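Trainee: Could you take me closely through a single part of this model, the open sheet together with whatever packs on it and the charged pair beside it? I would like one connected account.

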Amino acid sequence: MTSTGDATAARGDLDAAFAETVRRTGASIAALYLLDPDQQLLYLEVLCGASAEIAAPWARVSLAAPAPVADAARENQLIWLGSQEEVAHRYPRTAMALPYPLAMAAAPVTGVRRWGALLLVWPATRPPYMTGRERGHIVSRCRTLARLLEEGAERGGHRLPATAPRVVAPVPAHGSVSPEMAAADFVERLPGGSCSLDLEGRFTYVSTGACDLLGRDADQLLGTLPWHSLRWLDDPLYEDQYRAAVLSRKPVSFTACRPPDQWLEFHLYPDASGISVRLVPSGALPPSLAAPRGTADAAMPARVGQLYQLVHLAAGLTEVVGVQDVIDLIADQIMPAFEAQGLVLSTADAGRLWITGHRGYTPDAIERLDGLPLDTDFTPAGRTLASGIPAFFADAPEMRRLYPEAPQVSGKQAWAFLPLIISGQPVGCCVLSYDRPHAFPAEERAVLTSLAGLVAQALDRARLYDTKHALAHGLQQALLPHLLPEVTGLQVAARYLPATRGMEIGGDFYDVIRLGDSAAAAVIGDVQGHNVAAAALMGQVRTAVHAHATVGTSPAQVLFATNRLITDLGVDLFTSCLYAHLDLAHRRATLASAGHPPPLLRCPDGDTRPLALPPGPLLGIDPDAVYPMTEIPLPLGTLLALYTDGLVETPGTDLDDSIADLAHHFADADHRDLNLLIDGLLKKASAARQRTDDVALLVLHHAGVTPA
């Protein structure tokens with residue numbers, strides 16, 4: 001058994017190595033993120049160069065989130081962003097929450113196992129590129145951190161997510177500074193006022209001149225935040241100037257009015273240890289600034305930290321697509337941000353609240369809570385939806401006084417009921433719950449209330465998307481063949497996969513048409529687009545091909561007639577198509593292509609290659625287009641693979657190389673079970689990448705007649 005002292009020593013070693021990493025890389029801010037035990041969430045363990053309050057919106061990051069630190073940990077690669085423009089281009093959500101000129105790198109911390117990621121931030125004054133030496137140094141320091149984490153795990157440390165990040169001071173790069181008294185005398189001789197803030201924004205030094213200009217004695221200011229001790233600075237605009245200085249490490253200037261009419265200029269000069277501030281009187285009222293905010297007893301505006309957290313979460317909500325995405329974002333980002341352990345997301349439909357997603361509840365509890373009427377008095381959800389006002393319960397006795405049964409069913413100890421309302425109509429209810437009593441400060445309630453409106457908008461959009469998606473997907477599935485026909489001597493297998501991103505609906509299709517006892521036609525195609533129109537046109541194309549094929553026309557005539565139909569319909573979508581007539585009795589195949597990727601031919605001797613077919617134009621472009629035919633032998637044991645471009649198209653990769661790679665896998669595949677063969681091809685082709693297009697794959701094996 002390890003001791004508490006061992007764990008403390010392990011954390012001390014890690015913190016020291018982390019601070020040394022910051023010094024050696026020259027970063028102004030650094031953060032070490034570690035994976036939680038479930039390997040689904042990154043939590044901020046150690047921080048340097050900024051306060052924990054500034055980092056609060058990013059204290060928990062889902063491993064699936066589109067963020068540099070998540071990509072580094074998930075993909076095990078170093079992410080370099082040399083400018084704010086590059087951040088905005090590659091990570092718009094991160095740029096929205098950090099609108100400052102800076103450069104950053106995120107590197108995986110990996111040893112025997114995957115531990116997390118290291119985030120390093122520099123001012124924008126550094127070069128916008130990273131040298132090979134710098135990259136190697138960062139990788140080396142990450143290995144050191146991983147080794148210390150592994151040693152710490154053996155000694156009993158680094159096992160559970162930290163409740164709050166440890167903030168460590170940077171290692172000084174040089175020796176001692178001038179004596180304190182000499183420095184103080186120097187500052188006092190300067191005109192105007194001078195003061196110093198630590199990285200959390202608290203006064204650590206105030207000169208006599210600064211006290212005179214600010215209208216407060218030093219003992220009233222030291223240790224306080226300016227926007228707390230000086231009410232006329234209690235405006236998110238001014239706090240954001242401090243935040244900009246800390247994060248960008250660049251000087252910042254602004255003007256503020258000390259009541260009743262004394263305007264002061266503030267010049268902030270940041271570094272790794274804090275911020276030096278120069279104050280001088282301003283000559284006149286700047287036209288760009290509004291009059292000072294209300295009197296001292298006016299309601300305090302929300303803190304900038306909470307506002308940034310709200311912006312960060314709002315940016316995530318703008319990226320969700322379906323209802324499940326909304327649920328996942330709330331569970332992965334909103335719950336950790338507010339330290340909640342339970343979630344129930346319900347949608348209003350037909351006068352009842354139906355649970356669409358939940359976390360941290362037993363199946364029995366969900367069954368009891370699902371389907372409650374909108375005017376229920378079993379939980380606060382009914383009253384919350386009727387009034388449109390959130391309800392907060394800090395402990396079980398408070399809930400029990402109004403709703404006696406609710407605490408027993410949920411097993412929780414604190415709740416936030418957030419109504420989801422759009423234009424006065426209830427969309428649903430979002431409930432965050434806690435395993436222990438939880439006080440809801442006024443600022444947290446304000447952020448949660450604002451967030452409820454954003455969740456309502458996202459959920460409403462997601463429901464509409466899911467409805468359209470289900471319609472298109474149902475139409476597409478109805479138009480694809482449910483069963484492929486049996487043809488003597490021919491084994492067939494096929495698969496359709498929707499895209500993993502976007503609408504997930506496309507126009508890819510396939511079919512096998514029986515043309516007698518010893519002949520068949522195989523067809524595969526891809527209609528342009530990913531929507532209901534593409535799915536509908538796909539059905540029309542498949543029907544036309546089937547109709548023309550069954551009357552005995554050649555592949556060229558089938559494509560010609562189908563092309564004429566599409567052009568006559570006047571649609572704005574084009575279609576690629578490959579048609580193959582298989583004459584099993586005479587062991588030959590005749591093929592024609594309308595701009596479709598070449599099929600793969602695997603001969604009985606194992607020779608595998610793409611077939612070089614002379615392609616005709618896409619269907620729907622030229623009503624008089626001609627489609628050349630190619631005839632090939634089809635001996636027993638031959639395999640053909642017909643596929644759509646979604647299987648082989650990868651951004652940044654040459655299409656011919658992708659087709660050659662697919663042919664290589666097809667050559668090595670075991671053909672005894674065509675379904676397993678297709679599974680293998682799809683797995684290899686989609687490894688380490690998401691599909692941005694749908695995929696259809698049809699494999700045919702000329703097996704001959706099976707003996708009785």
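Mentor: A residue is called buried when its relative accessible area is under 20% and exposed when that area is over 50%, with partly exposed covering what lies in between. Please keep in mind throughout that this is a predicted model.

The open sheet is built from 5 strands, which follow one another in the order E19-E28-E27-E24-E25 with antiparallel pairing. At its edges stand strand E19, residues 490–497, and strand E25, residues 608–610; each has a single partner strand, so one side of each is left without a neighbour in the sheet. Ignoring direction, neighbouring strands of this sheet are turned against each other by 15 degrees on average.

At the E25 edge, the partner is strand E24, residues 600–602, and the two strands pair in the antiparallel sense over 3 bridges. Within this pairing, Leu601 stands opposite Arg609 of E25. Helix H21, which spans residues 655–668, packs on the sheet and touches E24 and E25 as well as strand E27 (639–643) and strand E28 (695–702), while its direction makes about 30 degrees with that of E24. A further helix, H22, formed by residues 674–685, lies across E19, E27 and E28 and runs at about 35 degrees to E19. Strands E27 and E28 are thus named among the contacts of H21 and again among the strands that H22 lies across.

Returning to Arg609, the residue opposite Leu601, we find that its side chain meets that of Asp607 in a salt bridge, with an N to O distance of 3.1 Å. Asp607 has a relative accessibility of 38%, and because this value falls between the limits of 20% and 50%, Asp607 counts as partly exposed. Arg609, with a relative accessible area of 35%, is likewise partly exposed. The pair is one of 20 salt bridges that the structure holds.

For a contrast in setting, consider the salt bridge between the side chains of Arg166 and Asp15, given as 2.8 Å from N to O. That pair links distant parts of the chain, since Arg166 belongs to strand E7 (residues 166–168) and Asp15 to helix H1 (residues 4–25), 151 residues apart. Asp15 is buried, its relative accessible area being 15%, whereas Asp607 is partly exposed at 38%.

Notes:
Residues numbered from 1 in each chain as written. Predicted model: local features only at pLDDT ≥ 70, side-chain atom pairs only at ≥ 80, totals over all residues. Heavy atoms only, no water. Pairing = 2+ DSSP bridges. Helix = DSSP H or I, 4+ residues; strand = E, 2+ residues; numbered from the N terminus. Axes fitted to C-alpha atoms, helices over the stretch in contact; angles between N-to-C directions. Contact = heavy atoms within 4.5 Å. Salt bridge = Lys/Arg side-chain N within 4 Å of Asp/Glu carboxyl O. Buried < 20%, exposed > 50% of the residue type's maximum accessible area, 1.4 Å probe, protein only.
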